[in-house]
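Here are a few short exercises to work through with the structure open beside you. Try each task yourself before you read the solution.

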Amino acid sequence: MDIGNQGGRRFARWRAACAAVFLSASASWGAAAEPIVIGQVAPFTGPQAVTGRAIHAGAKLYFDAINAKGGVRGRPVKLVTRDDAQKAEESVRLTREIIAAESPVALMGTVGTTNLEAIAKDGVLAQKGVAMIGAVSGASTVAQAPGIYVVKASYHDEVARLFGQLAAVGVQRVGVVYQDDGLGQDVLAGAEAAAKAHGMQLVVRAGYPRNTVAVEKAVAEIAKAKVQVVFLGATTAAGIEFVKQYTAAGGAGSMLYGLSIIDTDALLKALGPERARGYAFSVVLPQQGDRAVVREYLQLRQASKDPDLSARSMEGFIAAKALVKVMEGANTLSAAGVGAALASAKAVDVGGYVLDFSTRGQTASRYVDFAMFGARGKLVQ
C-alpha cells in the first residue's frame, strides 16, 4: 500500500472540495452584494426641478444611511434616475425606459398630477408589474390609480381641513389660484366642495398655465376681488411669483394660504423673512421633533452637505423609509414581491407617522396641520 499516494489523493480531494465550497460561497456573497435598484423619473431640470431634486435628496439621504448600516438583507440600495423635465410624455417614455434598462424592484417620487395620470393611463406599471411609492401628488385620480401609492394626505383633505378652520373664525370670501391642469382642477374641485360644506363663497377662481410662472392675470383677478383669504393651489415657482406680484400690487390685506406642495424653504429664501411673514400653509408631513422620523431626518440632514435638501425632502425621506420597511418584510426582493408586500401593508410606522397602503382609492395618510412664517422667518405651528 502506498500510504504517501493515498494521502496525496485525499489531500487533492480535500483541496477540490474546499475550492468548490469557496466558489459556492463566493457566488453567494456576490449575489448578496447585488444592489437593490429603485428608479425615480422626475424633473431635475425645468420649472419643477426644485421639487424633483428635493424629493430625490430626501430619498437618497435615507438610502445612504441604510447602506452605511449594511443595506437591506445585506444588499445595498441603488437609486437610479431619469429627468422628465416635468413633461408628461417624457414621464411615460422614461418610466418604460428605466424599467427596461435598470430592472428596478420599485419606482418612487415621480412629480406632478398630470405626469402621474399619464403613467397610469399608459398602463406601464401594471404591464411590467412594478409599483410606485411616494408619488408626488395628492390628487384623487392619482390615489385611485393601480400600483401608485401616495405617502401624504390628499389635496381634498388639505382644503377641507383649511376651509373648516377658516369658517370657524368667520372667513366667508375666498379666492383660489390654481395651476390649470389636473393638479389645479383637483384642488379646485376640493375647494368647491369644502366651500359648499362650510357655507363659504369662492369669490374668484384664477388659473395660470401649467409649468409657467405667468401669474399676472391671476394676480389682477384676485386683487380686484378683495377677498379675505387667497388659497394658492400652485406649484413652488408660480406660488413664489404670485406672492411677489400680489404683495407689490397692494394685496397685503388678504391672508395667503399655500398648498403643501409649495416648497416653503424656497419661498422663504426667495421672499426674505419680512415679505414671507404671515404666509401660512398646509403641512401634510410631520415637521415637529416630537416624532422619531423628524428627529432622524434632521440628524441626518445636519450631517449632509447635499444642497438640494429642503422642506420638501421629508416626503422623499418618508417614502424611502416606508419602502425599506416594506422590502424588509417582502417574500422576495423582486418587483412582484415588493409590489405584493406594498399592496398589503396596513400599518407601516416610519417613526411616529403611520402609513396604510392597503386601502385603495385613498392616500396612505390623512394627516393635515398648518404653519405660518412669523417674525424673522420663524416657523409658527
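**Exercise 1. Start with strand E6**

Task: Find strand E6 and work out how many of its 8 residues are buried.

Solution: This is a predicted model, so keep that in mind as you go. Step one is to locate E6, which covers residues 173–180. Step two is to check each residue against the cut-off, where buried means under 20% relative accessible area. You should end up with 6 of the 8, so E6 is mostly covered.

**Exercise 2. The neighbours of E6**

Task: Which strands pair with E6, and in which sense?

Solution: Take one side at a time. Strand E7 (residues 201–209) runs parallel to E6, and 8 bridges join the two. On this side, look for Asp 180, which sits opposite Pro 209 of E7.

Now turn to strand E8, residues 229–233. Its pairing with E6 is parallel too, over 5 bridges. You can pick out two pairs here: Gly 175 faces Val 230, and Tyr 178 has Gly 233 as its bridge partner.

**Exercise 3. From E6 to E7**

Task: Follow the chain from E6 to E7 and name the helix on the way, then give the hand of the unit.

Solution: Leaving E6, you come to helix H8, residues 182–198, and then to E7. Together the three make a β-α-β unit, and its hand is right-handed.

**Exercise 4. Two open sheets**

Task: Write down the strand order of the sheet of 7 strands and of the sheet of 5 strands, then say which strands stand at the edges.

Solution: Begin with the 7 strands. Reading across, the order is E7-E6-E8-E9-E10-E13-E14, and the pairing is mixed. The edges are E7 and E14 (379–380); each has a single partner strand, so one side of each has no neighbour in the sheet.

Next, the 5 strands. Their order is E2-E1-E3-E4-E5, with parallel pairing. Here E2 (77–83) and E5 are the edge strands, again with a single partner each, so one side of each is left without a neighbour in the sheet.

For a detail inside this sheet, look at E1 (residues 36–42) and E3: they pair in the parallel sense over 2 bridges. Ile 38 stands opposite Ala 106 there.

**Exercise 5. What helix H14 packs against**

Task: List the buried residues of H14 and find what they pack against.

Solution: H14 spans residues 335–343, and its buried residues are Ala 335, Gly 337, Val 338, Gly 339, Ala 341 and Leu 342. Follow them outwards and you meet strands E3 (106–108), E4 (132–133) and E5 (148–149), along with helix H13 (313–329).

**Exercise 6. Asp 64**

Task: Is Asp 64 buried, partly exposed or exposed?

Solution: First find Asp 64 in helix H2, residues 49–68. Its relative accessibility is 39%, and since buried means under 20% and exposed over 50%, Asp 64 counts as partly exposed. For a sense of distance, compare it with Ser 254: the two are 190 residues apart in sequence and 43 Å apart in space, C-alpha to C-alpha.

**Exercise 7. Step back**

Task: How many helices and strands does the protein have, and what does its C-alpha trace span?

Solution: Count 14 helices and 14 strands. Along the principal axes, the trace spans about 110 × 40 × 35 Å. As a last check, 51% of the 381 residues count as buried.

Methods
Residues are numbered from 1 along each chain as its sequence is written. This is a predicted model: local features need pLDDT of at least 70, side-chain atom pairs count only at pLDDT 80 or more; totals for chains, interfaces and linings use all residues. Side-chain values use heavy atoms; hydrogens and water are left out. Helices (H or I, at least four residues) and strands (E, at least two) are DSSP runs, numbered from the N terminus. Buried means under 20% relative accessible area, exposed over 50%, partly exposed in between (1.4 Å probe, protein chains only). Two strands pair if DSSP finds at least two bridges between them. A crossover is right-handed if, with the strands pointing away from the viewer, the path from the first strand over the helix to the second runs clockwise. Contact means heavy atoms within 4.5 Å.
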